[in-house]
Amino acid sequence: MNPLEQLSLADLRARRSAKWARYEPDVIPMWVAEMDVPLAEPILTALQEALTIGDTGYPGSWPMVDEFVAFAARHWGWQVEPSLVVPAASVISAYVEAFVEDVAPGEEVVITAPVYPPFTTYLHQAGRVVREAPLTDDLRLDLDALETALAAATAPADGSTERRKAGLLLCNPHNPGGTVHTREELTAVASLANRYGVTVVSDEIHAPLVYSGAEFTPYLSVPGGETGIAVQSASKAFSLAAMPAAQMIVGTERAAWLGEFRKGAHGHPTYLGSIASTVAYRDGDAWLASLLVGLEANRDTLRAFVAERLPGVTVSRNAGTYLAWLDFGGTVAAGGRDLGGEPADVLLAEGRVALNQGTHFGVGGAGHARLNFATPPAVLAEGLERIASVVVAK
């Protein structure tokens with residue numbers, strides 16, 4: 001059964017998590033990356049059993065790493081050595097800790113924008129300088145722009161002849177827009193990174209959310225990726241944001257680095273997160289398959305609506321993720337409204353529908369907004385009608 005068809009609007013309005021609690025009750029929320037689904041039954045059962053007996057202590061014996069390794073082999077043919085996997089508190093904490101280890105304060109981390117806003121905010125907070133390498137107009141990696149950014153980020157400081165250390169934080173699949181980077185693209189990225197001596201961390205939190213016709217490629221599986229780091233989590237695919245847990249996986253040529261990394265103090269998953277993630281990886285395949293069918297149908301509904309009802313608006317193709325990228329820049333030429341540099345603000349004020357503000361995603365964000373389509377079809381339809389009421393209003 002499609003998990004996206006199991007909850008009503010009334011059920012969702014009873015929620016108190018960020019997506020449904022931030023805005024007034026008359027707003028349709030289509031912003032933050034929470035899915036409007038119930039928990040998969042195996043996860044719910046495992047959590048209920050733990051709570052019933054008060055099993056709420058520190059992380060214990062749940063085999064999250066082993067089940068992740070089995071999941072990766074089953075879904076992507078990726079053979080991961082368990083000794084190269086480190087349980088982490090969250091994807092964000094894992095990539096920050098990796099760069100803190102490799103990139104000194106004041107040195108640079110390159111990101112491919114527009115991209116998930118915490119790529120910038122958390123690295124800035126950690127004292128690292130963020131440099132943007134813009135994507136192409138169709139949200140693919142621009143290898144020329146990337147090389148320019150890597151060259152600048154590693155250029156010798158004044159008075160030195162040695163290149164500086166730097167990092168590259170990938171989003172694979174990409175958020176927003178759901179681009180699923182190809183093996184050829186990632187191989188080219190690895191070649192550039194190794195040429196410039198750059199540490200690559202690949203945020204792969206959306207890896208299980210890839211649709212028919214596309215294939216997820218783990219960064220560490222491509223030639224040259226052995227020097228990189230990947231971060232995975234069941235959080236997005238199984239709607240587990242309330243129970244953080246993640247896995248840092250290091251490339252086979254980073255075994256010595258991992259030994260040093262383990263000597264430091266790092267965050268750990270929550271215990272409930274380790275339970276939920278273990279069960280998701282072990283018993284969640286059927287639920288995930290049903291979810292993907294529902295998400296793909298919602299994606300197609302969104303694309304058809306934009307083409308038919310939103311003149312001058314374009315939307316990402318989304319080979320993966322449930323986070324679409326809408327470009328409102330052509331509305332005036334098509335006879336519609338000018339929604340300005342921050343369309344989400346106008347849509348909220350006039351249409352009572354909440355999307356993410358495009359400028360928060362960095363270069364290329366003005367005139368855009370991010371839309372979360374992981375919601376029941378009826379809620380998606382209502383949200384889209386509200387967007388249309390603003391775009392085509394005179």
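Helices and strands are taken here as DSSP runs, a strand having at least two residues and a helix at least four, numbered from the N terminus. The model described below is a predicted one, and its two principal pockets, its nonpolar cores and a few features of its backbone are considered in turn.

Strand 10 makes the greatest contribution to the lining of the second largest pocket, to which it gives three residues. Together with strand 9 (314-315), strand 10 (323-327) belongs to the elements that supply two or more residues of that lining. The second largest pocket encloses about 580 Å³ of space and has a lining of 30 residues, of which Asp137, Asp138, Leu139, Ser316 and Arg317 are placed nearest its centre. Sorted by class, this lining consists of 12 nonpolar, 11 polar and seven charged residues.

The largest pocket holds about 770 Å³ of space. Its lining is made up of 35 residues, and those nearest the centre are Val32, Ala33, Tyr116, Pro118 and Arg370. At least two lining residues come from each of helix 5 (91-102), helix 6 (118-125), helix 9 (235-238), helix 13 (343-351) and strand 12 (356-357), with helix 13 providing the largest share, three residues. The composition of the lining of the largest pocket by class is 21 nonpolar, eight polar and six charged residues.

With regard to annotation, an unreviewed UniProt entry assigns the feature "domain: Aminotransferase class I/classII large" to residues 51-387. Over residues 51-387 the chain is 39% helix and 14% strand, and 42 Å separates the C-alpha atoms at the two ends.

The largest nonpolar core comprises 99 residues, within which Leu295, Tyr322, Leu355, Leu371 and Ile387 have the most contacts. Helix 12 (residues 285-309) gives the most to this core, with eight residues. When neighbours within four places in sequence are left aside, Leu295 is in contact with Leu4, Met35, Leu209, Tyr211, Tyr322, Phe373 and Ala374. A second core, separate from the largest, has 29 residues, including Val86, Val130, Val231 and Ala246.

Several backbone features may be set against the general expectation that most peptide bonds are trans and that most residues other than glycine have a negative phi. The peptide bond from Ala113 to Pro114 is cis, with omega near 5°, and Pro114 is situated in the loop between strand 3 (108-111) and helix 6. Asn172 and Pro173 are likewise joined by a cis peptide bond, for which omega is about 0°; Pro173 belongs to the loop between strand 5 and helix 8 (183-196).

A positive phi, near 65°, is found at Leu139, a residue of the loop between strand 4 (129-132) and helix 7. Leu139 is classed as buried because its relative accessible area of 6% falls under the 20% limit. Arg352 also has a positive phi, of about 55°, although it is not a glycine, and it occupies the loop between helix 13 and strand 11 (353-354). With a relative accessibility of 24%, Arg352 counts as partly exposed.

Ala155, in the loop between helix 7 (143-154) and strand 5 (166-171), is likewise partly exposed, at 25% relative accessibility. Apart from neighbours within four places in sequence, Ala155 is in contact with Arg163 and Arg164. Between Ala155 and Glu97, which are 58 residues apart in sequence, the C-alpha to C-alpha separation is 24 Å.

Methods
Residues numbered from 1 in each chain as written. Predicted model: local features only at pLDDT ≥ 70, side-chain atom pairs only at ≥ 80, totals over all residues. Heavy atoms only, no water. 1 Å grid on protein atoms, 1.4 Å probe; cavity = no way out; pocket = protein on both sides within 12 Å on 5 of 7 lines; lining within 4 Å. Points joined across faces, edges and corners; volume = space filled by probe spheres on them. Nonpolar A, V, L, I, M, F, W, Y, C, P; charged D, E, K, R; others polar. UniProt positions renumbered as here; feature names shortened; annotations may be inferred. Core = buried A, V, L, I, M, F, W, Y, C linked by side-chain atoms within 4.5 Å. Buried < 20%, exposed > 50% of the residue type's maximum accessible area, 1.4 Å probe, protein only. Contact = heavy atoms within 4.5 Å.
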